[in-house]
Amino acid sequence: MSSDTPQSYERDPAETHPPLDYAPYRSTSLRHPSEPLIYLPHTVSETTGPQLAGIVRPGDQDLTRQHQGEPIGERITLSGRVCDTEGKPIAGTLVEIWQANAAGRYRHRWDRWAAPLDPNFSGAGRVVTDSEGRYSFTTIKPGPYPWANHYNAWRPAHIHFSLLGRAFAQRLVTQMYFPGDPFLDYDPIFNSVRDEAARQRMIARFSVHRTRPNWAVAYNFDIYLRGPGPTPFEESR
Amino acid sequence: MIFGSTPSQTVGPFFEIGLPFADGPLAVAPDSAGAIAIGGVLYDGAGVPVPDALIETWQADDQGRFPDLHGHAGPSARAGFRGFARCPTAEDGSWKIVTVKPGAVDGAGAPHIAMSVFARGLLHRVVTRVYFGDELDANLADPVLTCVPAERRETLLAQPSTDGYRFDIRLQGPGQTVFFAV
């Protein structure tokens, strides 16, 4: 095993991630485990992980150029770094996103929201981070949309992110939100993260410096995956 | 820790537009030596099949080696071995991947497959392990399996089927699958 391969990954503080049983998000009620999770010491199955860079195709990182015409909406660039909680960049790792269109409609057979589909927008992208852990997408800003969770429920505009990291232990699926979105205060999924500082880490930052004149508004979203932990021996003491 | 981790959020009901890929359920080529299917049905706490979940698996090859330069005992020598499979559940809650039965990884116990389950209603993935019901001696010596209460170990055992192994997953309630804090 190479010397820079962690033998375990750090355990996040309890309130960093949402509880699986969270009544305000109704779909959790029949899907959360009722038995407590059993502590798993990290073995080589958890400290290694898949590298799927090969599934990315040219153009996958530009969601505005996947069809004949351009999608309707506010063109944005979305970029940032993927690193671990020590700040070490995670190079060559797959970043996958999917999202609704500018009207808040997903190109999915189960999405019945009465907003138009956009023939020029599929809403999915993939890219691999560079040697400094950087990624970048061009897309349009998704719209908010209603859902059936409670009376007058609306999801804030968001983009889904999937990260593989370097190890099974680092696997993360999350959602990225936009600064100043008035729906954030009312969204049980966003607010399922009980730690305020952790919640803020899911909100992208507007960047005037990266905004390209006469072209696209820039948002920055850095993603932090768990860093190396103590050796399994230390961990068990 | 200098920075805090980015929190998890649910994969939601619409991941199918972004995450599946053409040969995602294939951890090995289906016509390669030793290829088997592993599949089952995912159930919720009411015993209803879950049609909008995503199953991911990660494992060593039949020699106990991972397709990873940083893996144990050197990378897998098996041609085309991805070690990873990604399969959405179907309308009837079923899923199926094609892989090989992993070999024992030196120092890591009985043959097993690491598994993540993502779904609408799961704010964080749940993680389990697939062990093999026909590996009686190895299972009895496995350091993880032996930490699981004896009456619940059965939920982690894939059982031989006509084309490989069957592994049903129950998110909640009687017979709930064992899930791990990773």
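**Two chains of a predicted model**

Student: Among contacts in chain A between residues at least 6 apart in sequence, what percentage join residues at least 24 apart?
Tutor: This is a predicted model. Chain A has three helices and twelve strands. Taking contacts in chain A between residues at least 6 apart in sequence, the share that joins residues at least 24 apart is 72%.

Student: What radius of gyration does chain A have?
Tutor: Along the principal axes, the C-alpha atoms of chain A fill a box of roughly 55 × 40 × 35 Å. Of its 237 residues, 43% count as buried. A compact globule with 237 residues would have a radius of gyration near 18 Å, and chain A agrees with that at 19 Å.

Student: Which strands are the edge strands of the open sheet in chain A?
Tutor: Four strands of chain A form the open sheet, in the order β4-β3-β8-β9, with antiparallel pairing. Direction ignored, neighbouring strands of this sheet are turned by 20° against each other on average. An edge strand pairs on one side only, and that holds for β4 (124–128) and β9 (172–177) of chain A.

Student: Which residue in β8(A) is the bridge partner of A:Trp98?
Tutor: Strand β3 (residues 94–99) of chain A runs antiparallel to strand β8 (residues 158–163) of chain A, and five bridges join them. In β8(A), the partner of A:Trp98 is A:His160.

Student: Is A:Glu86 buried, partly exposed or exposed?
Tutor: A:Glu86 lies in the loop between β2 (75–84) and β3 of chain A. A residue is buried if 20 or more other C-beta atoms lie within 10 Å of its own, and exposed if 12 or fewer do. A:Glu86 has 13 other C-beta atoms within 10 Å, so it is partly exposed.

Student: Which residues does A:Glu86 touch, not counting residues up to four places away in sequence?
Tutor: One of them is far along the chain: A:Glu86 and A:Gly227 are 141 residues apart in sequence, yet their C-alpha atoms are 6.0 Å apart in space. The other belongs to chain B. Leaving out residues up to four places away in sequence, A:Glu86 touches A:Gly227 and B:Ile2.

Student: How many residues does each chain bring to the contact, and which strand supplies the largest share of the side of chain B that touches chain A?
Tutor: The contact takes 68 residues from chain A and 58 residues from chain B. On the side of chain B that touches chain A, β5 (113–119) and β10 (180–181) of chain B each supply at least two residues. The residues of that side divide into 32 nonpolar, 20 polar and six charged. The largest share, four residues, comes from β5(B).

Student: Which residue in β10(B) is the bridge partner of A:Ile38?
Tutor: Strand β1 (residues 38–39) of chain A and β10(B) run parallel, and two bridges join them. In β10(B), the partner of A:Ile38 is B:Phe180.

Student: Why is chain B as compact as a globular protein of its length?
Tutor: Chain B has one helix and ten strands, which follow the pattern β-β-β-β-β-β-α-β-β-β-β along the sequence. Its C-alpha trace spans about 50 × 40 × 35 Å along the principal axes. The globule rule gives 16 Å for 182 residues, and chain B is close to this because its radius of gyration is 16 Å.

Student: What percentage of the residues of chain B count as buried?
Tutor: In chain B, 70% of the contacts with a separation of 6 or more come from residues 24 or more positions apart. Of the 182 residues of the chain, the share that counts as buried is 51%.

Student: How many residues of strand β2 of chain B are buried?
Tutor: On one side of β2(B), B:Ala53, B:Ile55 and B:Thr57 are buried. On the other side, B:Leu54, B:Glu56 and B:Trp58 are buried, so both faces are covered and the strand is largely enclosed by the rest of the structure. The count for strand β2 (residues 53–58) of chain B is six of six.

Student: Which residues stand opposite B:Ile55 in β5(B) and β3(B)?
Tutor: β2(B) pairs with β5(B) in the antiparallel sense over six bridges. β2(B) also pairs with strand β3 (residues 84–88) of chain B, again antiparallel, over five bridges. The bridge partner of B:Ile55 in β5(B) is B:Val117, and in β3(B) the residue opposite is B:Cys87.

Terms used. Residues are numbered from 1 along each chain as its sequence is written. Chains are lettered from A and ligands numbered from 1 in the order in which they are written. This is a predicted model: local features need pLDDT of at least 70, side-chain atom pairs count only at pLDDT 80 or more; totals for chains, interfaces and linings use all residues. Two residues are in contact if their C-beta atoms, placed from the backbone, lie within 7 Å. Ala, Val, Leu, Ile, Met, Phe, Trp, Tyr, Cys and Pro count as nonpolar, Asp, Glu, Lys and Arg as charged, and the others, Gly among them, as polar. Two strands pair if DSSP finds at least two bridges between them. Axes are lines fitted to C-alpha atoms, for helices over the stretch in contact, and angles run from 0 to 180 degrees between N-to-C directions. The radius of gyration is taken over C-alpha atoms; the globule rule is 2.2 Å times the number of residues to the power 0.38.
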